[in-house]
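Work through the exercises below with the coordinates open. Each task is followed by a stepwise solution.

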Amino acid sequence: MATKLTSRESDYSKWYNELVVQADLAQHSDVKGCMVIKPYGFAIWERMKDVLDQMFKDTGHVNAYFPLFIPKSYLSKEAAHVEGFAKECAVVTHYRLKNAEDGSGIVVDPDAKLEEELIVRPTSETIIWNTYKDWIQSYRDLPLLVNQWANVVRWEMRTRLFLRTTEFLWQEGHTAHETSDQAVEEARKMLEVYADFAEGWMAMPVLKGVKSANERFAGAVDTYCIEAMMQDGKALQAGTSHFLGQNFAKAFDVKFATREGGQELVWATSWGVSTRLMGALIMTHSDDAGLVLPPKLAPIEVVLVPIYKGEEQMAEIVGALQGVADQLKAAGFRVKLDDDDSKRSGWKFAEYELKGVPVRLAMGPRDLAGGTIEVARRDTRSKEIVPMDGIQSHVKGLLEEIQTSLFDRAEERRTSTTTSVDTWEEFLAALEAGGFVEAHWDGTSETEDLIKKETKATIRCIPLEGNEETGKCVRTGADSSQRVVFARAY
RNA sequence: CGGGGCGUGGCCUAGUCCGGUUACGGCGCCUGGUUUGGGACCAGGAGAUCGCAGGUUCGAAUCCUGCCGCCCCGACCA
């Protein structure tokens, strides 16, 4: 483990790949494009999941679970949806294996062919709306606010740990409403939940906006999104929330009896965030020494490391640290006392820095004698010696400061790399420099395609808080009513 | 699907061009000892169908043929 990470500057992509593996977050599985999420990585995801789950419940949602397998015919019921996902579906065709006649191993039994092939869900709209059809009869059944935590499979050509894997974990909310306005309100509300989570817990500033038609979810009327900026100047879509109109209600014939006694199609939303958030979290804060975690999501907020010579001193110092650990635990902090005698303290320092533990407390014989303790913070890599008295409130304050400071630093980086341009030359230069580029666009798919082809940049979003400002499209010179945000993206 | 790279103890790797006894080294692991304020040191030890299948040869990690897998870079996507 004496290996040094590749620096971000020399090869950002390599830095990321090495960090994920070395910080013990995940590893490649033997199946192409899939990953094993290791216990430490999963602990971070569990934190995210727990917090989000509570946020969903606080906004009136309940959890349920729908099947992994979807009859192939369901997918084709909504035209845009099938168009969007058909190219990346895993298909189950058989249900049995048998020993090969020639003894060469095990083969698919051709006699066990499924009558209707099943697809492994790339998302669950179709099977859920097919089910909602039976759940919804009256306006009294609405709104229907359901979420599920699940795995999904999308057969992508190119994958990267957490950012894009063939199988990934996520949550998908699927709601049904009486009116269009209520559904739009729901989609926007969940976007706010995502934004609050990203900024308040991940310490990751996000832009809220609407996707252009090109970037819209297959089957949605509108796709709302939060977009984050990574340290290499590339944008990352961190969460999406869709207003689905009546598209799925139409496709699956989901009608309800209105207050007036008529029959109407319901209005729908869906919204999701995935293990991709892990990638966002890593790339937002981490440095060349390894992972940097915001305290609120860190599985371990404070690690305590004893420094000692001999068994007698070890017992004394570990005993003193145990007291500190107990005190911090009682105050509600996630704490680990590492009294493993087989690793030296220096090794532990490096290890917990690599793993992004926000605060480290170290105590040696000098501290024990003087009633002090060494406090190191991961984000700035600074150390100080403080009195043992009042350590709890000191740690509390420090953790809050780290959380705030990580957000501020990320926001400052985003702000300083966001540029507003009016000419094509400026546009190209800004893209080259990295970051968000605010520019006028004539509103057509053709122009967006053209720009993407020429520059690899896409419209990340049309900001919700964008100020109305007329101008001329940066590419075609046609009229534009608002600046949109471009960037190269993950 | 194109382009590139790689497959050798758990991990990284030398050896492959130019075939030759027992497959180099490091990390990690086990045992014992000395150590301990930033990834300790010494001694001993365990651990390998050299990706798979054929072929050439007295002899293959090395040469030939075929296959499989993974990673990276591009076209599709969260």
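The exercises cover domains, a helix pair, a cavity and two backbone features of this predicted model.

**Exercise 1. Domains**

Task: State how chain A is divided into domains, then give the separation of the centres of domain 2 and domain 3.

Solution:
- Step 1. Domain 1 takes 12–68 + 131–285, so it is written as two segments.
- Step 2. Domain 2 covers 300–397, and domain 3 covers 417–487.
- Step 3. Taken over C-alpha atoms, the centres of domain 2 and domain 3 are 50 Å apart.

**Exercise 2. A helix pair**

Task: Describe how helix α2 and helix α8 cross, and list the residues that make the contact.

Solution:
- Step 1. Locate the helices: α2 is residues 39–58 and α8 is residues 276–285.
- Step 2. Their axes come within 10 Å and cross at roughly 110°.
- Step 3. Angles of 65 to 115 degrees count as roughly perpendicular, so α2 is roughly perpendicular to α8.
- Step 4. From α2, the contact uses Gly 41, Ile 44, Trp 45, Met 48 and Leu 52. From α8, Leu 277, Met 278 and Leu 281 take part.
- Step 5. Sort the contact residues of α2 with α8 by class: 7 are nonpolar, 1 is polar and none is charged.

**Exercise 3. The cavity**

Task: Search the whole structure for cavities of 30 Å³ or more, and characterise the lining of the largest cavity.

Solution:
- Step 1. The search returns 1 cavity.
- Step 2. The volume of the largest cavity is about 40 Å³.
- Step 3. Its lining consists of Pro 205, Met 229, Thr 284, Ala 410, Arg 413 and Arg 414.
- Step 4. Helix α12 (residues 391–417) supplies the largest share of this lining, 3 residues.
- Step 5. The lining splits into 3 nonpolar, 1 polar and 2 charged residues.

**Exercise 4. Backbone features**

Task: Find where Pro 143 and Asp 24 sit, and report the backbone geometry of each.

Solution:
- Step 1. Pro 143 lies in the loop between α5 (125–135) and β9 (144–153).
- Step 2. The peptide bond from Leu 142 to Pro 143 is cis, with omega near -5°.
- Step 3. Asp 24 lies in the loop between α1 (12–22) and β1 (26–28).
- Step 4. Asp 24 is not a glycine, yet its phi is positive, about 70°.

Terms used:
Residues are numbered from 1 along each chain as its sequence is written. Chains are lettered from A and ligands numbered from 1 in the order in which they are written. This is a predicted model: local features need pLDDT of at least 70, side-chain atom pairs count only at pLDDT 80 or more; totals for chains, interfaces and linings use all residues. Side-chain values use heavy atoms; hydrogens and water are left out. On a 1 Å grid over the protein atoms alone, a cavity is a set of points where a 1.4 Å probe fits but cannot get out, and a pocket is an open set with protein on both sides within 12 Å along at least five of seven lines; lining residues have an atom within 4 Å of a point. Grid points are joined across faces, edges and corners, and a volume is the space filled by probe spheres set on the points. Helices (H or I, at least four residues) and strands (E, at least two) are DSSP runs, numbered from the N terminus. Ala, Val, Leu, Ile, Met, Phe, Trp, Tyr, Cys and Pro count as nonpolar, Asp, Glu, Lys and Arg as charged, and the others, Gly among them, as polar. Axes are lines fitted to C-alpha atoms, for helices over the stretch in contact, and angles run from 0 to 180 degrees between N-to-C directions. Angles under 35 degrees count as roughly parallel, over 145 as roughly antiparallel, 65 to 115 as roughly perpendicular and the rest as oblique. Contact means heavy atoms within 4.5 Å.
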